[in-house]
Amino acid sequence: MNYRHAYHAGNFADCVKHAILVWLLGELTEKAKPLLVLDTHAGIGHYDLNAVEAQKTGEAARGILKLQMRADEALAPYLKIVEKLGLYPGSPAISAAMLRANDRLIACELHPDDAALLRRYFAGDKQVAVHCRDGYEAIGAFLPPPEKRALTLIDPPFEVEDEFEKLTDAIKTAYRRLPGGCILAWYPIKHRAPLRSFYQALQDDAQRPQGLRDILAIEFLLREPLDPARLNGCGVILVNPPWKFTTHLPPLLSALMNGLGDNEPGQNFSIIRLADE
Ligand SMILES: C[S@@+](CC[C@H](N)C(=O)[O-])C[C@H]1O[C@@H](n2cnc3c(N)ncnc32)[C@H](O)[C@@H]1O
């Protein structure tokens with residue numbers, strides 16, 4: 001496990017993922033029923049963008065720091081949370097900030113040092129449980145929850161060859177364990193080839209009687225995805241999206257693009273329906 005999120009915190013891909021997470025949690029917490037958020041790859045929860053790691057890559061300068069210069073209404077809920085939490089907040093900090101009194105967060109992090117930092121960050125918070133364990137395996141352990149409502153966030157580091165296959169299996173497991181649950185899964189976009197087989201695997205599963213339903217792939221491209229050595233964009237799979245996504249997601253993605261894009265050829269976002277309800 002070489003990946004450390006501290007080098008990448010607040011980069012454009014974090015902004016896209018976290019802005020969508022904030023929107024999604026806003027929608028899911030509109031219903032009074034309690035919600036479980038299961039964050040399978042949680043990181044350390046908060047990141048100092050002035051620390052050596054972040055300064056070394058400078059990625060936040062082309063991400064959150066650039067976005068904060070824009071006053072776009074669609075970004076306000078996300079930017080307010082970032083401002084409120086101080087250090088750049090990771091996914092578990094964002095989720096915890098949006099929980100209501102009866103909601104819970106389970107955050108899994110496999111790296112022992114990172115899990116310890118995360119545990120310290122949430123010390124004393126009774127709504128949050130931090131587990132130092134494999135997040136993929138945790139899906140089978142924690143779903144379905146007693147609440148019967150969950151958002152499963154799967155945000156792997158993509159440092160192993162077969163991460164797309166693992167992610168596909170994780171999405172399928174989360175869906176089988178709680179078919180009505182919402183799933184948000186992040187992936188990198190370097191070039192097109194891995195995406196084709198990833199999307200196809202999800203669509204193949206959707207052909208099965210108990211298979212996946214209601215799947216969106218949201219792609220955010222800073223440029224044409226031609227160079228496989230470069231993070232040219234990112235995407236999220238969203239299973240069981242809130243119905244308001246058709247009106248809420250395009251303005252959000254458009255604001256993110258206006259704030260993060262450099263008008264390179266191929267800059268684009270799209271919402272692709274991979275499987276119907
Ligand atoms: C992309 S980062 C997570 C960032 C975080 N979700 C956020 O948005 O702030 C991926 C994290 O997963 C951890 N990790 C790697 N493999 C894991 C596994 N099998 N289970 C749980 N965590 C894992 C890494 O140590 C790293 O902290």
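**Figure 1. The loop between helix 7 and strand 6 holds K148**. Helices (H or I, at least four residues) and strands (E, at least two) are DSSP runs, numbered from the N terminus. K148 is not a glycine, yet its phi is positive, at about 65°. P144 also has its place in the loop between helix 7 (135–142) and strand 6 (150–154). Look here for a cis peptide bond too: L143 and P144 are joined by one, with omega about -5°. As background, most residues other than glycine have a negative phi, and most peptide bonds are trans.

A quick note for all views: this is a predicted model, in which local features need pLDDT of at least 70 and side-chain atom pairs count only at pLDDT 80 or more, while totals for chains, interfaces and linings use all residues. Residues are numbered from 1 along each chain as its sequence is written, and side-chain values use heavy atoms, with hydrogens and water left out.

**Figure 2. The ligand is surrounded by 20 residues**. A residue counts as near if one of its heavy atoms lies within 4 Å of the molecule. The closest are H18, H41, E109, G135 and D155. By type, the shell holds five nonpolar, nine polar and six charged residues; here Ala, Val, Leu, Ile, Met, Phe, Trp, Tyr, Cys and Pro are nonpolar, Asp, Glu, Lys and Arg are charged, and the others, Gly among them, are polar.

**Figure 3. Polar contacts reach the ligand from K17, H41 and L110.** A polar contact here is a pair of N or O atoms within 3.5 Å. From the side chain of K17, an N or O atom is 3.2 Å from a ligand oxygen. The backbone serves in the other two views: a polar backbone atom of H41 is 2.8 Å from a ligand nitrogen, and a backbone N or O atom of L110 lies 3.2 Å from a nitrogen of the ligand. The protein buries 95% of the 600 Å² that the ligand exposes when taken alone (Shrake-Rupley method, 1.4 Å probe).

**Figure 4. Eight strands form an open sheet with mixed pairing**. Their order is 5-4-1-6-7-9-8-10, and two strands pair if DSSP finds at least two bridges between them. At the edges, strand 5 (128–131) and strand 10 (268–275) each pair on one side only. Zoom in on strand 7 (residues 182–189) and strand 9 (residues 233–239), which pair in the antiparallel sense over seven bridges. In this view, I183 has V239 of strand 9 as its bridge partner.

Conventions
Polar contact = N/O pair within 3.5 Å; in protein donor to acceptor, adjacent residues only side chain to side chain.
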